[in-house]
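Visitor: I would like to learn how the words used for a protein model are earned. Could you walk me through some of them?

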Amino acid sequence: MLLKHNRLVIIFLLLSIAACNNSSDSADSSSESSTGFTLSGHILVANNTATDNDVNDNQPLVTNNNYRETAQKLPNPVILGGYVNQPFQGPSGYSRRTGDIDDYYEVDLRAGQIIYLFVASEDLGRNDVDLFLLDSNNVVINASTSDQDVEGFKVAATGHYFIQVRAYQGASNYVLSIGQDIALTSNGMRLSDQFRPGEVIVQLSPDNLYQAQSVMNSLGWQAQSLDTSRRMLFQVDHDQSYQLAAPEFKFASPELQAKYETLMLIKQLRHRADILEASPNYQWQSFAQPNDELYPHQWNLKIMNLPSAWDITVGDPTIIVAILDSGALLNHPDLKGNLISGYDFVRDSRISQDGDGIDPNPADPGDGLSGGSSFHGSHVAGTIAAVTNNNQGIAGIGWLTKVMPLRVLGKNGIGSDYDIEQAIRFAAGLPNDSGTVPPQPAQIINLSLGGPDVSLGFQQVMTQARQAGIMIVASAGNEGTNIPYYPASLDGVISVGAIDINKQRASYSNFGDYLDVMAPGGDQTPDVDGDGMPDGILSTVGHEIGTATNNPQIRFTFDVSMGTSMASPHVAGVMALMKAVNPNLTPLDFDNLLRSGKITDDLGSPGRDNQFGYGLLNAQKAVSAAIELNGGVAPEPPPPFLVVNPTSLNFGLDQSQLILALDNSGSGELQIENIFADSAGGVLTIEGRGLGEYVVKLNRANLAMGTFSTTITVITNANIVKIPVIWQVGDPNATGNAGFHYVLLINPQTSETIQEITTSAIQGIYSYQFDQVPQGTYLIIAGTDFNNDGLICDIGEACGAFLTASRPTSLEVNANRSEINFNTGFNVNFFSSQLTSTSKTALPIGFSRLYQTHRLK
């Protein structure tokens, strides 16, 4: 039988993969029959999810979208997964022999929207995919043709368009995203970029200098300098034809054609061994905005009022946050400037993944097989202190804060409370099994981990660390239950729950008497702000390349995850800003400020409640309160200033009601003088008064099919804010579709697939049922295999798991179970251009974030 594997990004919260079964599924108490038990449920997909009609998986073809005449119609906004290939490139399957060079999509776009193409291939040198935008006359309006992982451009004018995804060479999965105008990122080569057509900056290889010069001359390009030891500018005579454009393309202007031909030459040069670099000659201008490319997608920082806090402080390099986690990617370009020496406390070589026990190297070697790893600790570290204003990646909460990585989780994200105790002792400068202590203890400890049980003496080490002046913060847990989880529920530990982009408690977030405060944890299923990205938490991670089990290469990436593991470092990061302005701040001081309500925005019932604790931590309030507590004078409070959340709204195809929150990020009286929707009379109604939540309702009743947008304008006595709104009217029966799914029942100890089911979406819902399941412990994972490579859940493919894709949870099966429901959808991954090798040996044992499981066929 042909076997398929499953690839899944996994971020573990617990010390053990086994979780309590306080989930939404229901159990039948009937005893096991001789044939076993039945497990069933549904897999849900968001309505703005779509799938390329003709992928390489050998499943019944809907219809091909290879030509403009057969273009596949899309909703807007949308997140779509697809696959393209040149003939005889890529794995065997439906399109390998004939090729699937082009995918065409038909869509109504609004001016200012952003189109992204995320290329999923691990080998971009051989697999290159380009993105084109054509008008209704088949004329190329824009294109993005780099050899990077992300292509994209902004839509200049509202209209009816065709999007073309083309396999320039090789084969690859991809994710196509259309969203609101938040920001455009990537080092793409776009027709809309400001560069000089007919000019190329080239660095010739000194080993093949004359050959490289000959190539440039033969193409009609003339060097404008004679120094071959450095980058050179080449120009072409505009009267000389160097037709590199595909003959079927028509361009809106001669300049666009000249720019396209310039980009095609650069693409060809980049694949030559005698050319070290080839780039457009960009035209630059000065600008004052922060240059972290992905910051506009970090809704989580704005919702905590961090921009106002940064006006007071961006941190202090003497403040250290210890993260007890899976270690860190020490050479990640968005981390390494803020990482200090740490330690590895995973003592058991059977799960350590580096072949030894305790050692002074906290590098994350990966947590499983060669398919890939979670790099959970790096995600946590990036939220706290990613290097900021470095023209790439994300912004961290503390721009100058230092992170001490302490490795306590190994294979399968598992660690023991004894190892974690030793790491806490180390971070606090207390005696521990390493026999050493850091030159400077940490002032803050973050624990994005936990479990339902704890050893009797663990409270004592927490108390000792707190007595040493260290603030300790931990994630509350992802089970959606009020059952206490540890160490978050211990005395002296700040327990952090998770909210989503609407400031609602995330469905997975634990709650109860022990909950202290909330921070963003995200949700990867919806796209409430319509930016074409899941509403998770974006941070620093890695992606393993190839199948090597000895020093695998890692591509440094940025990806979204969700969970209270993501919420906890937000609090730790703000604590570091507070310590930066008040080095004398104690754990008791923080507790008292939290109880006073001075540093939070109240959520839920007035005052503390079991759903939200003391509310959402407000960074600006927290930093100002810390200054005042130290006897200082906080900077003059900023004047009243309206901020809204989300900053844009996406009703998609089916939503009729969304929440918009209006808040005063400054001080003083802020009056809402007017709020209205531009040019959408009778379609949008806005209900609310003053500051707080507004309900925005959409009435599609009298609208024709198509994509529509408007702007909600809020006028105050201080400032005016405009909120882009987008929605679609389409086939009332249209629903989300993430493609043909394989649902796998997996033994978590062996990664063996016990059963497999295939299913398709009906009205946005996949149904599945496993029969004759023996008593035991299982994982349920589902996904697509667009490239037909034998692996589900590749980058660019749909993926889901019970409870969540970022937090799979084991099911203890001793009865029939139904309503085992979870979500599926496409994720995106921003890549850094840098590669590295792990500084530890990754042993081929155990689980990885990319589960290696078999699909029976």
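Visitor: Leaving aside neighbours within four places in sequence, which residues is V571 in contact with?

Guide: They are V473, V496, V517, A519, F590 and L617; contact means heavy atoms within 4.5 Å. Keep in mind that this is a predicted model, where local features need pLDDT of at least 70, side-chain atom pairs count only at pLDDT 80 or more, and totals for chains, interfaces and linings use all residues. Residues are numbered from 1 along each chain as its sequence is written, and side-chain values use heavy atoms, leaving out hydrogens and water.

Visitor: Why is the pair C793 and C799 called a disulfide?

Guide: The rule asks for a pair of cysteine sulfur atoms within 2.5 Å. Here the S to S distance is 2.1 Å, so C793 and C799 are joined by a disulfide. By this rule the count comes to 1 disulfide.

Visitor: What makes the disulfide of C793 and C799 right-handed?

Guide: The torsion about its S-S bond is about 85 degrees, so it is right-handed. Both cysteines, C793 and C799, are buried, meaning under 20% relative accessible area (exposed is over 50%, partly exposed in between; 1.4 Å probe, protein chains only).

Visitor: How do you know that strands β14 and β16 pair?

Guide: Strands are DSSP runs of E with at least two residues, numbered from the N terminus. Two of them pair if DSSP finds at least two bridges between them. β14 and β16 have 4 bridges, so they pair, and they run antiparallel. One example is E199, whose bridge partner in β16 is Q235.
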